Every structure is written in C-alpha cells, then in structure tokens.
Amino acid sequence: MSELFSPEWMAGFASNWNADPELGAALAAIDFNSNVAYGYLGDDAPKGVLIVKQGMVVESGAYAGQPLNWDIRASAETWSGWMKTPPNMMKLGVSYTTGKLKFVVGDYGAMIKDPRMAGPFIKSFAAMSKVA
C-alpha cells in the first residue's frame, strides 16, 4: 500500500471516489465543487488534496497551497483505524466531538446536517479504505 495521502495514494482514492455512484454521482446531483484536503492533526499543512468538479475528482495529489473548501485532519493512528474499518456516522460524530477529527477548513456541522452531503462524506471513508 502506498503511504497515506501520498500522490500515488491520492490517485487511488480519486479512482475509488469516481467509481462509487454514491459518492461522485450523488455529489454531482448537488453541483458539488470543492478542493478537499486531508492530513494529520498538528501539521502546518495537509498532505493530499482532491479537486472535485461536479462531484467527480478531476485532479489529485500532494497539497501544494491550493485554496481549500475543506481541510480534514486526524491523527495517524485514527486514520490507520479508519483504513481498516471505515467509520459510520456515529463514529465520525464521536471523533469530531472528542477532537479526534478536525475540520481546519469547512463546516462539519452544516455538512453533516445535509443528507445530500453527509451520505457521500461517510462513503468517502469506504473509498479511502479500498486504496491498495
């Protein structure tokens, strides 16, 4: 398996994202366009980024200063656990309220209350867990 959030890993994540109709197609239905970054708690910057247009990832790779709509962080240990067993809504909620999941950029509360975004957000973790 490639290193988590490396350019190679992000390419695999992008491929899994685009292949899952409950992710890409569901987000396309709500005209979702965002730059979504991922990384580790305490780091100055995220590690990887997805550029999403009309719900589909059109570019992925290392974070290189792109403007962000979402910057999602957790510890290496937390990410590792989620790669083995993708979290459900309850686990993510607990992780968020206990500080194990942080949104440096983006509004978790607003997103999780919108089922059109919350469902695909949960699905994104399953797509991550399938990266070889």
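What follows is a short chat about the sheet, the helix contacts and a few single residues of this structure.

Me: Is this an experimental or a predicted model, and how are residues numbered?
Reply: It is a predicted model, in which local features need pLDDT of at least 70, side-chain atom pairs count only at pLDDT 80 or more, and totals for chains, interfaces and linings use all residues. Residues are numbered from 1 along each chain as its sequence is written, and side-chain values use heavy atoms, with hydrogens and water left out.

Me: Start with the sheet. What is the strand order?
Reply: The order is 3-2-1-4-5, in an open sheet of five strands with mixed pairing. Strands here are DSSP runs of E with at least two residues, helices are runs of H or I with at least four, and both are numbered from the N terminus. Two strands pair if DSSP finds at least two bridges between them.

Me: Which strands are at the edges?
Reply: Strand 3 (56–62) and strand 5 (101–105). Each has a single partner strand, so one side of each is left without a neighbour in the sheet.

Me: How much are neighbouring strands turned against each other?
Reply: By 20° on average, direction ignored. Angles come from axes, which are lines fitted to C-alpha atoms, for helices over the stretch in contact; they run from 0 to 180 degrees between N-to-C directions.

Me: In which sense do strand 1 and strand 2 pair?
Reply: Antiparallel, over five bridges, with strand 1 at residues 34–40 and strand 2 at 48–53. Tyr-38 has Gly-48 as its bridge partner. Ala-37 stands opposite Val-49.

Me: And how many bridges join strand 2 and strand 3?
Reply: Six, again in the antiparallel sense. On this side Gly-48 is bridged to Ala-62.

Me: How covered is strand 2?
Reply: Mostly: five of its six residues are buried. Buried means under 20% relative accessible area, exposed over 50%, partly exposed in between (1.4 Å probe, protein chains only).

Me: What sits between strand 2 and strand 3?
Reply: The two strands form a hairpin with two residues between them. Gln-54 is in that turn and has a positive phi of about 50°. Most residues other than glycine have a negative phi. Gln-54 is partly exposed, with a relative accessible area of 39%.

Me: What is the phi of Asp-31?
Reply: Positive, about 55°, although Asp-31 is not a glycine. Asp-31 is in the loop between helix 2 (24–28) and strand 1.

Me: Switching to helices. Which strands does helix 3 lie across?
Reply: Strand 1, strand 4 (70–74) and strand 5. Helix 3 covers residues 76–84 and runs at about 95° to strand 4.

Me: At what angle do helix 3 and helix 6 pack?
Reply: About 85°, with their axes 8 Å apart. That makes helix 3 roughly perpendicular to helix 6. For the cut-offs, angles under 35 degrees count as roughly parallel, over 145 as roughly antiparallel, 65 to 115 as roughly perpendicular and the rest as oblique.

Me: Which residues meet there?
Reply: Trp-79, Trp-82 and Met-83 of helix 3 meet Phe-125, Met-128 and Ser-129 of helix 6. Contact means heavy atoms within 4.5 Å. By class, that gives five nonpolar, one polar and no charged residues. Ala, Val, Leu, Ile, Met, Phe, Trp, Tyr, Cys and Pro count as nonpolar, Asp, Glu, Lys and Arg as charged, and the others, Gly among them, as polar.

Me: How do helix 1 and helix 6 pack?
Reply: At about 125°, with axes 8 Å apart; helix 1 is residues 7–19 and helix 6 is 115–129. The two helices are therefore oblique to each other. Trp-9, Phe-13, Asn-16 and Trp-17 of helix 1 make the contact with Ser-124, Ala-127 and Met-128 of helix 6. Those residues divide into five nonpolar, two polar and no charged.

Me: Back to Ser-124. Buried or exposed?
Reply: Ser-124 counts as buried, at 3% relative accessibility.

Me: What does Ser-124 touch?
Reply: Phe-13, Trp-17 and Leu-23, not counting residues up to four places away in sequence. Ser-124 and Leu-23 are 101 residues apart along the chain, with their C-alpha atoms separated by 6.8 Å.
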